[in-house]
Each structure stands twice: as structure tokens, then as C-alpha cells.
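Dear colleague,

I am passing on the structure below, together with some notes on what turned up in it. Please have it open while you read.

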Amino acid sequence: MTNNPVQEKESMNISDIQQRTCLMLGYSGIKKLQQAHILIAGCGAVGGMAAEALVRTGIGKITLVDFDTISPSNLNRQIFATINVINHPKTTVAKERLLNINPHLTVIEKQILLNGETISSLFDEPVDFVIDAIDSLNPKTLLIEELVNRKMPFISSMGAALKTDISRLKVSSMKKTIQCPLAAFVRKRLRRRQVDLSFPVVWSDECVSDKTHLGEIEINGQSERHTMGSLMTITGTVGLMCAHEAILFLTQSKQSFYHGYF
């Protein structure tokens, strides 16, 4: 192997990067991941960790959706956030890092705020699986409704703020969630729109005693979120769990993935 980092990068191939993953998933599993296209909506604490895990595992194509930029408050929990990228778009920062992990990766950036006018643009190309890592109610509800209506496979992350017990995190149907204020807010809105709640989510049943700052408030017709405490150990684990479910879906049968959720 050469000592020149540029030459080393150019000489690497997928077998070099995925050697140990192949020992777990087999050659057929790796090929399925290489040929798959994942969309991640929200490139913050949850979505960022999910993206990194998927790329390191061997996903071949990824679409990153986020309208926001890196801020100093992101440094405590977001894997893409560093001092030298403050005020840079999250999708751009994520793309650069992910390509430095796997230069063979295809990355599509969509620096958009999800609303009724922009949501259809997410599906300009075929997508095999979607991870909803959005933490704002309106776009999150809109995305879930669109995914359910399109019958697209996806998993959605629920509330991780104010949680401290990592052992209470789990995957189940949205219908089974309890003690999760974000899930309750989303569930209420989806029921109003008559959206089926039989989709998988990552959530925690840990009871949060102080619910004062949970949810969103309306100020001059605009939705505004309260600032809430969060730990990277929790948000990161939620992201890894989302990525893991995506890997299972892509490398196993759809029936086995959804069995037990619906």
C-alpha cells in the first residue's frame, strides 16, 4: 500500500471497505446494499448517525434531505458537526464526510424545507427505503403521510429529547407507542388525516417527568420549538437503530421485516 493518501483512496475498492461487513451479511447481502438507494430526511443527531452507519455498512446510494445549517448547539450530539463547519449546510457537510468514508458512494443533496410544494421532489428517483429523522411536527407528519400513501418502506424516529435510559429504546408499530410525547402529537395529527398507523418507529417508553417544554407552540402563525436537552448517546442510538432496520429490510425479505409490526 502506498503512503500517498490520495493514491490510497483511489486504489481502494468496495471489497477493501466492506471486508468485515461481508463476513456478517455475505456477498449477496453486500450486493443488495450496494445496489440500494436510501433517503434520509433530517441530517441532525438521528439522521446523521443513521447515514454514517449505512455508508460504513455499504449502502451504494443515499439522498440527504435537510434545509438547515450547522450551528454551535449541534456540537453536543451531531456527528457531522465540527467547529470548522459552523454555518455550512448540513447536507453539504454530510456529503463530504460520507464520501471520505466511501469514495464509491453516490450522494444526492436536497437542501429543502419539506412542505406541500416540495415533498414530491423527494421521489424524483426510485428509493428503496426511507428514514424519517425529522424533529419538527409539520414536515414530519407530511412526510409520514406521503410515505404511507405511496406504500413505501420506511422507519420513523420518535422523541429522543429529555431521555436518559438507553435500555428503553425499542422498535415497534406506531400504534404501540406510549410515554412518548412526540409520538402522541404525530399520532393525533395522522389520525385526523386518517393515516394508517401500522408503520415501524424507533421510540422510548421512558417516562419524562417534566413535560413543560415538550411539543411546539404557534407564534404569529409559525411553528416554534422549545429548546430541550438531549444526549448523543440516546440520539445516536436512535439513529443506529433506524439504520439497522433499514439494513435488515434491504438484506432480508420484506415479510420478515414487517412481521411483528403490523
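Which backbone atom lies 2.8 Å from a polar atom of the side chain of asparagine 74? In this model, which is a predicted one, the partner is the backbone nitrogen of serine 71. Asparagine 74 belongs to the loop between β2 and α5, and at 4% relative accessibility it counts as buried, because the limit for that term is under 20%. Leaving out residues up to four places away in sequence, asparagine 74 also touches Thr69, Ala81 and Lys90.

Turning to the nonpolar interior, the largest core has 40 residues, and those with the most contacts inside it are Leu54, Ile59 and Ile131. Two or more residues each come from β1, α4, β2, α5, β4 and α8, with α8 giving the most, nine residues. If neighbours within four places in sequence are set aside, leucine 54 is in contact with Ile38, Ile40, Ile59, Ile131, Ala243, Ala246 and Ile247. Another core, of 29 residues, lies apart from this one and includes Leu39, Leu190, Leu197 and Trp203.

As for the aromatic rings, a search of the whole structure finds two pairs. In one of them, the ring centres of phenylalanine 129 and phenylalanine 249 are 5.3 Å apart and the planes stand at 40 degrees, so the pair is tilted. This pair links distant parts of the chain, since phenylalanine 129 is in strand β4 and phenylalanine 249 in helix α8, 120 residues apart, and both residues are buried. Finally, the charged end of lysine 170 sits over the ring of tryptophan 203, at 5.4 Å from its centre.

With best wishes

Technical notes
Residues are numbered from 1 along each chain as its sequence is written. This is a predicted model: local features need pLDDT of at least 70, side-chain atom pairs count only at pLDDT 80 or more; totals for chains, interfaces and linings use all residues. Side-chain values use heavy atoms; hydrogens and water are left out. A nonpolar core is a set of buried Ala, Val, Leu, Ile, Met, Phe, Trp, Tyr and Cys residues joined through side-chain atoms within 4.5 Å. Buried means under 20% relative accessible area, exposed over 50%, partly exposed in between (1.4 Å probe, protein chains only). Helices (H or I, at least four residues) and strands (E, at least two) are DSSP runs, numbered from the N terminus. Contact means heavy atoms within 4.5 Å. A polar contact is a pair of N or O atoms within 3.5 Å; within protein, one must be able to donate a hydrogen and the other to accept it, and residues adjacent in sequence count only if both atoms are side-chain atoms. Rings of Phe, Tyr and Trp (its six-membered ring) pair if their centres lie within 6.5 Å; planes under 30 degrees apart count as stacked, over 60 as edge-to-face and the rest as tilted. A charge sits over a ring if NZ of Lys or CZ of Arg is within 6 Å of the ring centre and within 35 degrees of the ring normal.
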